[in-house]
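Open your viewer and get your selection tool ready. We will go from stop to stop, picking residues and looking at what is there.

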Amino acid sequence: MSPFSAAPMAGITDAPTRLLAGEMGASLTYSEMISGKGLLYDNRKTEELLRILPGEKPVAYQIFGSDPEVIRKTVSMLAGRANVMIDINMGCPVPKVVKNGEGSALMKDPQLIYEIVKAAVEGAEQGAQNISANGMQTAAAEGAGTAGTDSRGAQPKPITVKMRAGWDEEHINAVEAAEAAEAAGAAAAAVHGRTRDQYYTGRSDRSVIADVKKALTIPVIGSGDVFTAGDAVAMMEETGCDMVMIARGALGDPWIFREANAMWRGEPVPDPPSLEEKKAMMERHLRLMTEEKGERAAVREMRKHFGWYMKGEPGATAFRRKVNTITDAGQLYEIIKNLGQ
C-alpha cells in the first residue's frame with residue numbers, strides 16, 4: 001500500500017479531484033470539511049460534500065465541530081456511507097472556523113479533544129450497531145433468519161484526527177493533543193508542522209511530527225511543505241511517520257503521487273508530465289466536473305485548477321487570463337486543444 005494520501009482541502013478536494021488523485025496513486029483521499037451541525041440540520045451543501053463517485057479510491061470524510069454530542073451524532077449518521085473512515089479536523093486556521101471554537105482552536109484544550117474523539121468513537125460503534133440491527137431485522141422480515149448476514153455485524157469505522165503543532169509558538173502541544181486523541185480511541189493522527197498563528201507561512205517544523213511519532217503507538221501521518229515527491233519521501237525518512245499527506249503540492253499536479261510512489265519503492269521516477277499529458281488531464285477534469293456539478297459550476301470551479309495545471313508553462317499568465325472570462329465549457333475545450341500550437 002502506498003504511504004501517500006491526498007489531504008483534505010476546503011473548496012478543492014471534491015469527488016472529481018479526489019478520483020484523479022486516486023488514479024495517480026494516492027492510497028487515501030479526504031473529503032472537504034463537513035460540518036457536524038450542517039449534517040444534523042440536513043444542509044443541502046453538506047449532502048453534496050458527502051458524494052463519493054464510483055471508482056474512487058478509499059475516501060475518508062473529514063468533519064469538524066466542537067460539541068462532543070454533535071460529533072457523536074454526526075459519526076453515527078455517517079456509519080452507512082461509502083467512506084472508509086472519519087477524520088476530525090483540529091487544524092483549520094481560518095477565522096470563521098476558529099471563532100466557533102472549532103478547527104485549530106481545539107489545540108487550546110486537549111481535554112476537549114479527548115472528549116470529542118471519545119464521542120466520535122462511541123458514535124461509530126453506535127452507528128455500526130444500528131446497521132447490524134437493521135440488517136438482521138431485514139433478513140428476518142424476508143424469512144431468511146441470519147442467513148446471508150455477517151455474524152460479526154458491521155464494523156465501526158476508524159476515527160482519526162488532523163491537527164497542527166499548536167496554537168502559537170508559545171504553545172507547541174501537538175504531543176499532548178495527540179496523546180489525548182489516542183487515549184480516547186483515535187486510530188491515527190495527522191500532524192501539520194505549523195501553528196495556527198502561522199497559517200501557511202514560514203516553515204513547517206518536522207521535528208514536531210517526529211516527537212508525536214515517538215510518543216504514540218498509533219500511526220502518525222506527516223503534513224506540511226510537501227511540494228515534490230522528494231519532499232514526501234524525505235518527510236518519512238526524517239520523522240519516521242507512517243504516511244504523508246500531500247496538500248498544496250498536489251494542486252494541478254496529481255502526478256506527484258505517481259512520482260512519490262516510484263521514489264519510495266526505489267523504482268525509476270517517471271518524467272514530469274508533458275504539456276500533452278496536462279492537456280488530457282485538464283480535459284478529463286473538466287468533463288468529470290461538468291458531469292458532477294453541471295456546466296456553469298464546473299467552468300467556474302475549474303478556473304483555479306487550470307491555473308495550477310499550467311503553472312510554469314509558457315503562456316500560463318495569458319491562459320489564466322483567458323479562461324477566467326469564459327463561461328462556456330466548449331470554449332474551454334477549444335482553448336485547451338490549442339495550447340502549445
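Start by selecting Ala174, Val175, Ala178, Glu179 and Glu182 in α7, which meet Val208, Asp211, Val212 and Ala215 in α8; contact here means heavy atoms within 4.5 Å. Helices (H or I, at least four residues) and strands (E, at least two) are DSSP runs, numbered from the N terminus. By class, this α7 with α8 contact has six nonpolar, no polar and three charged residues. For the classes, Ala, Val, Leu, Ile, Met, Phe, Trp, Tyr, Cys and Pro count as nonpolar, Asp, Glu, Lys and Arg as charged, and the others, Gly among them, as polar.

A word on what you are viewing: this is a predicted model, in which local features need pLDDT of at least 70 and side-chain atom pairs count only at pLDDT 80 or more, while totals for chains, interfaces and linings use all residues. Residues are numbered from 1 along each chain as its sequence is written, and side-chain values use heavy atoms, with hydrogens and water left out.

Now show the whole of α7 (residues 174-183) and α8 (residues 206-215): they pack at an angle of about 35°, with their axes 9 Å apart. Axes are lines fitted to C-alpha atoms, for helices over the stretch in contact, and angles run from 0 to 180 degrees between N-to-C directions. α7 passes α8 in a right-handed crossing, the term for a near helix turned clockwise from the far one by less than a right angle (anticlockwise would be left-handed).

**Next stop: α11 and α12**

Select residues 275-293 for α11 and 295-309 for α12; these helices pack at about 155°, with axes 8 Å apart. α11 and α12 are therefore roughly antiparallel to each other, a label for angles over 145 degrees. To see the contact, pick residues including Met281, His285 and Met289 of α11 and Ala298, Met302 and Phe306 of α12. The residues of this α11 with α12 contact divide into nine nonpolar, three polar and four charged.

**Keep α12 and add α14**

Add residues 329-337, helix α14: the axes of α12 and α14 come within 10 Å and cross at roughly 30°. α12 and α14 are therefore roughly parallel to each other, the label for angles under 35 degrees. Glu295, Val299 and Phe306 of α12 make this contact with Ala329, Gly330, Leu332 and Ile336 of α14.

**On to the empty spaces**

Which residues lie closest to the centre of the largest pocket? Select Pro8, Met9, Lys162, Tyr200 and Ala247, the closest of the 28 that line it. The largest pocket has a volume of about 500 Å³. On a 1 Å grid over the protein atoms alone, a pocket is an open set of points with protein on both sides within 12 Å along at least five of seven lines, a cavity is a set where a 1.4 Å probe fits but cannot get out, and lining residues have an atom within 4 Å of a point. Grid points are joined across faces, edges and corners, and a volume is the space filled by probe spheres set on the points. Colour β2 (29-35) and β5 (159-166), since each supplies at least two residues of the pocket lining.

For the last stop, select Thr17, Ala21, Ala250, Leu251 and Pro254, which lie nearest the centre of the largest cavity. About 180 Å³ of space lies in this cavity. α1 gives the most to its lining, with four residues.

Note on methods. Parallel < 35°, antiparallel > 145°, perpendicular 65-115°, else oblique.
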